[in-house]
Structures are given as C-alpha cells and as structure tokens.
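Here are a few exercises to work through with the model open in your viewer. Try each task before you read its solution.

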Amino acid sequence: MATETKSTFRGTPKQERELKKVIEKYKKIPGGLMPVLQEAQAIYGYLPVEVQKIIADGMGIHLSEVYGVATFYSQFSLTPKGEHIISVCLGTACYVKGADKILEAIEEELGIKSGECTADGMFSIEACRCLGACGLAPVMTVDGEVYGKCTPESAVEIIRSYMDKED
Amino acid sequence: MKKMINLTINNIPVCVPEGTTILQAAKQANIEIPSLCYLKDVNCIGSCRVCVVEVVGRRGLVASCVYPVEEGMKVLTNTPAVRKSRKTTIELILSTHHKKCLSCVRGNNCELQKLSYDYGIDEDRFKGEEPIYEIDKSTPCVVRDNNKCINCLRCVATCNNIQTIGAIGQIRRGFDVHIGSPFETGLGTTDCVGCGQCIVACPVGALYEKSNIDEVWDAISDPNKKVIFFTAPSIAATLGECFSMPVGTNVEGKMVTAIKMLGDVEVFNMNLTADLTIVEEANELIQRVSTAKPLPMFTSCCPGWIQFVEHNYPELIPNLSSCKSPQQMFGAVLKSYYCQKNNIDPKDLYVVSVIPCTAKKFETARDEMYNQGIADVDVAITTRELSRMIKGAGITFTSLPDTEFDSPFALASGAAAIFGATGGVMEAALRTAANLLDGTNEKVEFMDVRGTSGIKEATYRINGTDVDVCVASGLGNARKVIEMIKSGQKKYLFVEIMACPGGCVNGGGQPVQSDSVRNYTELKATRAGVLYNADSEGELRKSHENPIIKTLYDEYFEAPGKAKAHALLHTTYQSRK
Ligand code: SF4
Ligand code: SF4
Ligand code: FES
C-alpha cells in the first residue's frame with residue numbers, strides 16, 4: 001500500500017506549540033476539526049501523518065476521521081510543496097491542445113506524480129483548472145510565472161532552467 | 001410509556017410507539033422494506049436510498065430507515081415510483097461493482113445479490129468505470145477488498161462507534177470515495193484488534209477472514225501428521241446456520257460427525273480447557289486477593305480484548321489474568337501431556353482449533369504462544385471456514401447422525417458451555433470461586449451477569465465478603481468500564497470483557513446473517529440460548545468438578561498455578577502503544 005507522504009517530516013517544536021494552541025481553542029467546539037486542519041496547513045504548509053496524529057490525539061478523535069476529512073476537501077494537501085511549484089492547466093482549452101502530454105513529460109522528468117514533491121524538496125507538481133489564459137493554451141506556471149504555447153519538450157526545458165538557477 | 005402512533009402502510013393499519021421508523025413499523029404489516037446501509041444498533045445514516053417509500057401528501061420519496069412515523073400517516077411501499085427508484089439505485093451501485101459473484105466468499109449470502117435478483121436488475125444499464133483497488137491483506141485476521149465495497153459504511157460505524165477502534169474510515173469523495181485505513185497503509189498498521197465485527201456487518205463480499213483452509217487440507221492429507229480438531233463452545237450453537245438451519249439450533253453431534261468425515265482426524269471438545277481456564281483463573285483471583293496483587297483482575301480469554309489493552313491501555317497489563325485462553329491452553333495440553341502420553345513427537349501433531357473469532361488467528365501466531373519453537377495451536381479456522389470445508393467435502397450436513405467427541409477430551413461442564421456468551425466466563429468463575437472459598441456454597445446460577453446488555457454489574461456475597469463484578473461486551477463498552485475504573489468511580493474485584501457485542505456467539509468468525517435477520521430478530525440472545533440450555537440440561541455444571549480436569553492435574557500439572565501449569569497454561573503480554 002502506498003503511503004502518501006514521501007519526504008521526511010521536519011516539524012519544529014515551535015510549530016507544534018502553535019498547533020497545540022489551535023487544538024486547545026477548537027477542541028470543545030462542534031465542527032472544530034475543519035478550522036484546526038486549516039490552521040495546521042497554514043503552520044506546516046501541508047498535513048503529513050505526523051501532524052494529523054497530533055491533531056487526532058489532541059482532539060480526542062480517531063486518526064481515520066482526521067484523514068477522512070483531510071482527503072475529502074481538495075483545499076488540504078497531504079504532501080509538502082516544493083520550493084518551486086509547477087502548475088499545469090488541465091482546463092478544457094489546454095486539455096484539447098495536449099496539456100496531459102505536458103503533465104506526463106514533467107512527471108517523467110522529475111520522477112514524481114502530480115500532487116507530489118521531489119525528495120529534495122525542490123519541485124512539486126499540481127494540475128489546475130483554467131488559468132484564464134486560454135489564448136496561450138496549453139499553459140503552465142512555475143511559481144506563478146506563466147508559460148504559454150508549451151510543448152512537452154519546451155516544458156521540460158523550462159523546468160531544467162529552474163534547476164540551473166539553483167546551481 | 002411511549003405514546004402510540006397510528007398509521008397505515010399499504011392501507012394496513014399499524015400501531016407503533018412514537019419514534020419508530022417507517023422501516024421498523026412496516027414489519028408489523030408483514031412488509032420488509034429493502035435496506036443496505038441500515039443495520040440495527042450499528043448504522044442509521046439514511047444514505048443508500050434503497051429503502052425509499054412514498055408518504056402520501058409528501059413530495060418526493062423518503063428514506064424509511066431514518067423517517068419516523070407520524071399520526072395518521074399513509075405509507076406506500078410498493079408504488080411504481082418506489083420500485084423504479086430502488087431499481088435505479090441498485091443499478092447505479094452495480095455500475096462500479098466488481099460483479100465477480102462466482103468467486104466471491106459471499107457468493108450466495110450477499111445482500112446486494114439478493115436485491116439485484118428481487119428487483120430484476122439489468123446489471124449493465126449504467127456501465128461505469130470500475131476502479132481497481134489493491135486488496136488489503138495486512139493483518140492475519142481480516143481481508144479488505146474495496147473492489148466489492150458499496151460504501152454503506154456499516155463496517156466503519158461498527159469499528160468507530162461500537163468498537164471505538166477507528167481503524168478504518170471513508171476516504172476522499174465523489175468517484176474516488178472508498179474505505180480504508182488512515183494514509184492507506186493497511187489495517188495491519190492501525191490499532192485494529194482483528195475482532196472481525198466489520199466482517200459480519202458487511203452486506204457484500206468486501207470483508208472476510210484470511211482463510212487457512214488450504215493449510216488444514218494439506219495437513220489432513222499429510223501421512224506424517226496426526227491432525228486434531230477441537231471446537232470452541234459456541235460453534236455448535238451457530239454452525240447449523242451455514243446449512244440453512246434455524247438460528248438457535250444445537251448441532252454439536254452433527255458437527256463432530258462432519259469433522260470426522262473430513263479425514264482421519266480426532267475431534268476434541270474445547271469446552272474442556274474452558275473448564276481448565278476457570279480452575280486456573282479462579283485460583284489466580286484468590287491468589288491476587290491474598291497477596292495484594294493488582295485488582296481488579298480482567299479475564300484474558302478474548303484475544304481481541306487483549307490486543308485492545310496492549311494498544312490502548314498497556315498500563316493495565318498487570319491486571320490481565322495471566323491465564324492463556326482456552327484455545328491456547330488446549331494446544332499446550334495437546335503438545336505436552338497428550339503427546340507424552342501417546343508417544344507422539346509434538347512436531348508431528350497438527351492442531352486445528354475451530355473458533356467463532358478472527359482475532360484468534362492472530363493469537364495462534366503470537367510469540368508467547370510458542371514452546372521451544374513449536375506452536376501451541378497450528379491454525380485457527382472460523383465457523384464459516386469449517387462450514388466451507390464441510391460443503392467442499394460434499395457432506396450433507398443436515399442429515400448427519402450425531403457423534404460424540406473423542407476421548408479422552410470429550411467431557412466438559414455446563415460452566416464451560418456458557419463461555420460463548422457474554423457473562424458466561426464470569427458465571428463459570430463465580431461457580432468455582434464460591435465453591436472453593438466456601439465449600440458449602442452450592443450456588444450455580446448467577447442471573448445478574450446474564451443477558452445481552454453491554455455492561456452488567458453485580459455484587460455477590462461469597463464467604464462473608466461482598467464481591468463486586470462487572471461484565472462488558474463490545475470494546476466501546478470495555479472502554480467505558482476502564483474509564484470508570486481509572487477515574488475511581490467504580491471498584492470491582494473481577495471484570496469479564498469480550499470484544500464482540502454479546503460475546504463469542506456473535507463473534508467475527510460466525511456465520512454472517514443478513515440485515516433482514518439482524519434487523520428484526522435478537523440474534524445474539526437466540527444463539528446464547530443454545531448454550532444456556534446445554535448448561536441447564538447437563539449434570540456437570542462446575543468446572544472444577546470435571547473429572548478430566550482432575551486427571552490432568554493428577555497426572556501432569558499437579559495443582560493450579562504450580563510450575564508446570566504456570567509454564568504451559570499461563571502467558572505474558574506486551575505493550576503495542
Ligand atoms: S477487525 Fe475489528 S478492529 Fe479491525 S477493522 Fe474490523 S471492526 Fe475494526
Ligand atoms: S466494506 Fe462492506 S460494510 Fe464496509 S462500507 Fe464497504 S460494503 Fe459497507
Ligand atoms: S438509506 Fe435506508 S437503508 Fe440505506
């Protein structure tokens with residue numbers, strides 16, 4: 001069975017103190033799990049198993065319940081975000097122009113799937129809905145920078161240019 | 001007294017207490033409304049909509065499993081709109097279902113299959129994409145196959161609300177929704193205790209025990225192995241159900257005959273080591289009191305309960321009786337005393353226990369249950385697995401004559417028989433303890449600890465002192481009792497816990513009865529009735545009076561708690577927190 005968190009968790013004691021404060025605040029309130037998950041995501045950037053365990057213990061509920069809610073809403077992420085966030089538009093216009101091929105090429109280049117983060121924490125990939133740049137379809141963004149009229153080859157080139165910047 | 005409500009169902013007048021649902025009320029009019037997600041005492045969420053009915057004057061159909069009756073209400077359960085809606089619902093469920101009925105464990109005992117037949121379903125009307133899920137085989141007890149799952153949540157409600165384990169939950173949403181353990185790491189990585197209550201709650205073949213049938217057949221056909229079967233107290237009370245016999249039929253004689261027809265095997269009565277457990281346990285309790293050891297003492301015959309303590313309350317391990325369960329005691333007796341007496345190398349003895357329980361599969365594999373590398377019990381199979389072996393061998397069970405258990409391990413007391421019901425171990429122990437402490441105390445029946453309620457308390461005066469006892473079944477109830485003890489709110493001397501609600505008669509390895517049986521009958525009580533009858537009809541009713549137990553001590557174990565008994569019949573536990 002696949003686990004969903006790949007990279008190792010690096011939470012700090014300060015983050016944990018903050019989270020515990022949030023839990024204390026919402027513990028007794030019905031429906032308090034939602035705001036706790038939202039604030040936990042704000043503190044850690046994502047919701048790995050370690051964080052969900054702290055929440056389950058703190059709120060006195062089962063981990064399965066926390067996990068169920070965390071996977072129900074798409075606003076929650078179970079994987080960390082990379083330093084560079086690659087976003088491939090799978091909206092209709094981009095899709096008909098072969099956005100899925102672009103996503104595949106990037107996934108292959110980085111060896112991760114959409115929704116995951118590379119082990120070194122450099123890149124994460126996500127698929128997104130229409131960015132409103134249909135004239136440029138197919139479109140991808142890296143850290144918010146828009147790249148239009150992509151091909152699988154040019155997309156890989158763009159990713160590589162970010163790797164080079166790091167060196 | 002609750003207010004009574006009058007209504008009509010298909011023009012038939014019925015009168016039911018306020019708060020009754022339409023589904024329950026319809027039974028009075030001899031109508032069973034179909035259901036899937038609803039299961040009495042377990043799950044009532046109104047989500048599958050198979051149970052819809054028309055309420056005259058109300059727009060739209062209502063889910064009868066959650067809809068309470070109202071005065072003057074007119075309900076119609078069989079209109080064209082109702083039939084069409086139910087049919088479409090079932091067709092939609094089937095559109096993503098792996099329809100592999102031929103190779104399904106629930107092949108002819110499936111609620112979905114029955115509905116499909118009853119409603120004349122076209123199984124391919126909505127051809128949906130069938131998602132493929134990996135089958136979860138990560139525990140030795142329970143297998144989960146999401147490809148068969150219809151997301152009724154009966155298992156989740158059982159595990160979360162009844163057992164308070166929370167090993168599984170609903171994950172994701174929409175088309176991707178499915179049941180699983182947190183982070184999809186498999187049941188084996190959770191606090192699952194293997195009780196199998198989720199299995200008996202499931203309407204379809206998405207949950208089943210990890211089968212050990214093949215190993216047993218292999219052993220039976222191995223000329224170098226001597227194979228011994230022994231059956232737990234509750235098997236005779238339920239096995240008949242697998243052969244369409246009425247719930248509550250005692251099939252002990254047919255069961256023994258059938259097992260002997262499987263091959264060259266001996267069949268012993270596990271009730272005997274239930275008696276042995278009682279003698280050891282009563283002795284341990286008396287020792288604990290006189291030497292100021294931790295109290296209350298908790299029973300230890302239920303492996304689901306043991307794992308529950310190890311996972312959640314390891315600080316209570318010193319309070320668990322050190323007695324092995326009857327299953328493990330029997331294995332230990334066979335591989336020591338019996339082998340020695342009959343000149344058998346323990347390696348050549350293959351011991352099969354037939355149990356109402358899936359957690360016992362884990363128990364046989366515990367490190368503590370091996371003696372010099374040899375397992376006390378080689379394999380544990382459930383009531384359901386035994387029935388499949390009998391069917392596979394072509395034995396016509398219902399027409400079999402009776403046979404008695406093989407000697408020397410045939411005779412057992414009535415106290416042992418009632419081990420299979422909640423309160424039974426307590427009552428058996430009280431019979432012996434009362435008699436041991438005060439030779440004139442001949443009390444046999446301890447009625448306050450009987451019955452299927454989840455928590456029972458009683459105080460008995462034994463030898464001049466008041467003895468407070470408590471009995472709980474279902475792990476949610478166990479948790480309540482523990483919390484009351486820990487907070488100092490309650491003080492007991494002796495506490496019996498069984499993981500399954502109602503005890504072993506309702507174990508996770510027992511025949512799966514469909515919702516139409518579980519929703520409308522008292523399954524646990526009817527099954528338990530078989531055991532209490534066997535007890536009251538027999539002459540021997542106290543464990544310590546069993547002559548075979550006396551022989552065992554005279555010839556081998558010397559006395560309860562003595563060195564050999566301690567080494568072979570007692571065990572230790574480990575924190576798994
Ligand atoms: S076997 Fe028992 S503890 Fe495990 S998932 Fe099923 S109900 Fe929960
Ligand atoms: S596994 Fe069975 S009981 Fe659980 S949700 Fe699926 S169909 Fe229902
Ligand atoms: S909605 Fe009533 S049985 Fe499912």
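Two strands pair if DSSP finds at least two bridges between them. Helices (H or I, at least four residues) and strands (E, at least two) are DSSP runs, numbered from the N terminus. This is a predicted model, where local features need pLDDT of at least 70, side-chain atom pairs count only at pLDDT 80 or more, and totals for chains, interfaces and linings use all residues. Residues are numbered from 1 along each chain as its sequence is written, chains are lettered from A and ligands numbered from 1 in the order in which they are written, and side-chain values use heavy atoms, with hydrogens and water left out.

**Exercise 1.** Work out how β1 and β2 of chain B pair, and where they sit in their sheet.

*Solution.* Start with the pair itself: β1(B) (residues 4-9) and β2(B) (residues 12-17) run antiparallel, joined by six bridges. Next, check the register: B:N6 stands opposite B:C15, and B:L7 has B:V14 as its bridge partner. Then look at the turn, where two residues separate the strands of this hairpin and B:N10 has a positive phi of about 50 degrees. Now zoom out to the open sheet of five strands, with mixed pairing and the order β2-β1-β5-β3-β4 in chain B. β2 and β4 (62-63) of chain B are at the edges with a single partner strand each, so one side of each has no neighbour in the sheet.

**Exercise 2.** Follow chain B from β17 to β19 and describe each step.

*Solution.* First, β17(B) (residues 455-462) pairs with β18(B) (residues 465-473) in the antiparallel sense, over eight bridges. Within that pair, B:R461 stands opposite B:D466. The hairpin has two residues between its strands, and B:N463 takes a positive phi near 50 degrees. Moving on, β18(B) pairs with β19(B) (residues 494-498) in the parallel sense over five bridges, and B:S473 faces B:M498 as its opposite residue. To get from β18(B) to β19(B), the chain passes through helix α16(B) (residues 475-486) in a right-handed β-α-β crossover. Right-handed here means that, with the strands pointing away from the viewer, the path from the first strand over the helix to the second runs clockwise.

**Exercise 3.** Which parts of chain B does the salt bridge between B:R366 and B:E310 tie together?

*Solution.* Begin with the rule: a side-chain nitrogen of Lys or Arg must be within 4 Å of a carboxyl oxygen of Asp or Glu. B:R366 and B:E310 pass, with their closest N and O atoms 2.7 Å apart. B:R366 is in the loop between α12 (359-364) and β14 (370-371), and B:E310 is in helix α10 (residues 303-312), so the pair links parts of chain B that are 56 residues apart in sequence. Over all chains, the structure holds 35 salt bridges.

**Exercise 4.** Describe the interface of chain A and chain B.

*Solution.* Count contacts first (heavy atoms within 4.5 Å): 18 residues of chain A touch 20 residues of chain B. Next comes buried area, the accessible area (1.4 Å probe) that two parts lose on being put together, summed over both. The two chains bury about 1,500 Å² between them, 62% of it on carbon and sulfur atoms. Finally, look for charge pairs: the rule finds zero salt bridges across this interface. On the side of chain A that touches chain B, α3 (49-59) and α4 (63-72) of chain A are the elements that give two or more residues, and α4(A) gives the most, with six.
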